[in-house]
Amino acid sequence: MKRLFIASLLAWLATLAQAAAPPLVVGSKRFTESYVLGELVQQTLQRAGVAAVHKPGLGNTGILEQALASGAVDVYPEYTGTIVRELLKRSDAADANPTLEQLNAWLALRGLKAAVPLGFNNTYALAVSEGVAQRLGLQTIGDLAKLAPGSLRLGLSHEFQQRADGWPALRAAYGLRLVPGAALDHGLAYAALEAAQVDLVDVYSTDAQLGRRAVRVLADERGFFPRYDAVLLMRAAVNAAPLQALAGRLDEAAMIGLNAQVEIDGLSFAEVARRWLDAPSRVGAAAAAKASSPASVPVSAPVSASVSASVPTPGRAGFADRLFAPDLGRLLLQHLALVFGSVGLAVVVAVPLGVAAWRRPRLAGVLLGTVGVLQTVPSLALLALLIAVLGVIGFVPALLALFVYALLPIVRNTHAGLAGVPAGLSLAGLALGLNARQVLRRVQLPLALPTLLAGVKTAAVLNVGTATVAAFVGAGGLGERIVAGLAVNDHMLMLAGALPAALLAVAVQWAFDAGERRWLRCGPR
């Protein structure tokens with residue numbers, strides 16, 4: 001009896017400890033496949049009884065690297081080629097395709113590990129429209145070396161233009177003379193190619209669009225691109241056992257099928273993941289052997305199509321369904337928290353700075369110049385800097401970034417409002433026996449308040465728009481829809497995020513205008 005009691009007590013304590021433990025944070029990058037894999041990881045963990053949350057669309061490799069290092073993210077889907085070149089900075093050809101054991105030996109120095117090979121290779125490639133390929137006789141990447149600068153319009157993604165295994169090294173390896181133009185988001189590449197707005201784009205070998213559009217993938221005859229076997233990159237302390245259910249279950253055709261259900265059939269990332277996990281596995285022994293093989297061993301062609309590809313899928317939801325989807329309330333609340341939280345912090349800091357600038361004219365130029373310079377820092381650059389400094393992603397760095405952007409209009413308008421108060425009124429207050437602080441609080445600030453509030457209004461309206469970039473660091477808000485829509489080139493989903501943000505900005509403007517009219521009608525009390 002005593003043993004049974006002790007066993008029950010231990011089981012209860014174990015359950016209690018598991019419930020009290022913080023959930024595992026699953027990250028993903030901002031392209032379709034990463035979103036889908038992130039959902040698969042989250043739902044697999046939850047089905048195994050492990051609490052997990054998914055923070056999707058977290059920018060690029062650099063942001064997720066910082067998030068892993070700080071513990072803000074516990075696990076996310078990554079590719080062996082990216083780990084070797086971008087995270088570990090190994091450029092030697094001998095290191096291009098290491099075994100999983102060798103990869104983990106390198107990652108151990110950073111407190112990380114790669115586990116659960118998913119079973120497919122998603123390498124980079126270059127693609128041109130079929131018409132351009134036929135006109136110029138393009139079959140391989142080497143054929144591009146024959147072309148003069150300006151012969152093709154390049155629409156390369158931001159990350160590909162900067163990666164160690166991207167355009168700079170590829171151009172040197174093949175002796176290419178083509179010059180890339182402005183970077184193009186991967187989610188827009190196929191549409192731009194089909195519309196003849198660009199001629200050459202970088203693609204992933206498991207892109208859903210490859211089988212649906214008239215494009216030609218150029219052969220990499222020199223084997224420049226390393227293997228990009230999909231694995232789960234995680235902190236060393238994370239238990240990978242609950243995720244082993246995913247090992248080897250996805251081949252190239254399966255992943256293409258899942259991507260197509262999102263990009264072409266219009267299903268949500270979560271729905272695609274749920275359907276696939278609910279379906280019985282039909283992946284054969286060859287695919288399982290492929291997942292258990294070392295990362296450096298080439299794999300054969302896909303052996304089966306996605307199980308979920310056989311499940312009938314409905315058409316895309318209408319715009320009204322996208323706009324009023326169940327996540328609207330949550331996203332609005334997150335957006336409002338970011339906007340008014342940042343503006344509230346800015347008021348606390350910026351008003352005293354504006355008063356100091358007005359009282360000390362010699363400091364005015366320095367203070368106004370400093371907050372002006374802060375306003376010019378690009379939002380993504382500021383977010384990346386704050387993540388590196390704070391060691392966290394999500395709400396806090398996004399809030400601080402918006403706080404920085406709210407400073408300038410409030411400091412400037414506080415200074416301008418106080419400067420506009422007639423000197424005679426201030427002297428009258430002093431003559432009545434008020435000290436300088438009392439004159440400021442009872443005379444000068446109330447008279448400057450309309451101008452000050454105009455600065456607060458400007459900051460709030462601007463931050464409604466700027467807050468959409470918070471989705472890149474997992475802070476939520478209406479930008480989640482915009483980023484997800486951009487990843488899958490879904491214009492209705494982008495509009496379902498942009499329209500509420502625009503209406504929210506109008507509503508904030510109207511609310512401040514109404515408050516200002518009431519103030520002018522009633523006056524200070």
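**Close-up 1. Helix H2 crosses helix H11 in a right-handed manner.** In this predicted model, the two helices pack with their axes 8 Å apart and at an angle of about 55°. That angle makes H2 oblique to H11. On the H2 side, look for Thr32, Tyr35, Val36, Glu39, Leu40, Gln43, Thr44 and Arg47, which meet Phe269, Ala270, Val272, Ala273, Arg274, Trp276, Leu277 and Asp278 of H11. By character, the residues of this contact divide into nine nonpolar, three polar and four charged.

**Close-up 2. The largest pocket holds about 970 Å³ of space.** Its lining counts 37 residues, and those closest to the centre are Ser268, Phe269, Asp327, Arg330 and Glu480. Both partners from the first view return here: H2 (32–47) and H11 (269–278) are among the elements that each supply at least two lining residues, as are strand E2 (52–55) and helices H13 (319–323), H14 (328–359) and H20 (479–488). H20 gives the most, with five residues. The lining of this pocket is made up of 19 nonpolar, eight polar and 10 charged residues.

**Close-up 3. The second largest pocket offers about 700 Å³ of space.** Here 27 residues form the lining, and Arg30, Gly59, Asn60, His158 and Glu159 lie nearest the centre of the pocket. To find your way around, follow helix H3 (61–70), helix H7 (158–162) and helix H16 (379–390), the elements that give two or more residues to this lining. The lining residues of the second largest pocket divide into 10 nonpolar, nine polar and eight charged.

Terms used
Residues are numbered from 1 along each chain as its sequence is written. This is a predicted model: local features need pLDDT of at least 70, side-chain atom pairs count only at pLDDT 80 or more; totals for chains, interfaces and linings use all residues. Side-chain values use heavy atoms; hydrogens and water are left out. On a 1 Å grid over the protein atoms alone, a cavity is a set of points where a 1.4 Å probe fits but cannot get out, and a pocket is an open set with protein on both sides within 12 Å along at least five of seven lines; lining residues have an atom within 4 Å of a point. Grid points are joined across faces, edges and corners, and a volume is the space filled by probe spheres set on the points. Helices (H or I, at least four residues) and strands (E, at least two) are DSSP runs, numbered from the N terminus. Ala, Val, Leu, Ile, Met, Phe, Trp, Tyr, Cys and Pro count as nonpolar, Asp, Glu, Lys and Arg as charged, and the others, Gly among them, as polar. Axes are lines fitted to C-alpha atoms, for helices over the stretch in contact, and angles run from 0 to 180 degrees between N-to-C directions. Angles under 35 degrees count as roughly parallel, over 145 as roughly antiparallel, 65 to 115 as roughly perpendicular and the rest as oblique. A crossing is left-handed if the near helix is turned anticlockwise from the far one by less than a right angle, and right-handed if clockwise. Contact means heavy atoms within 4.5 Å.
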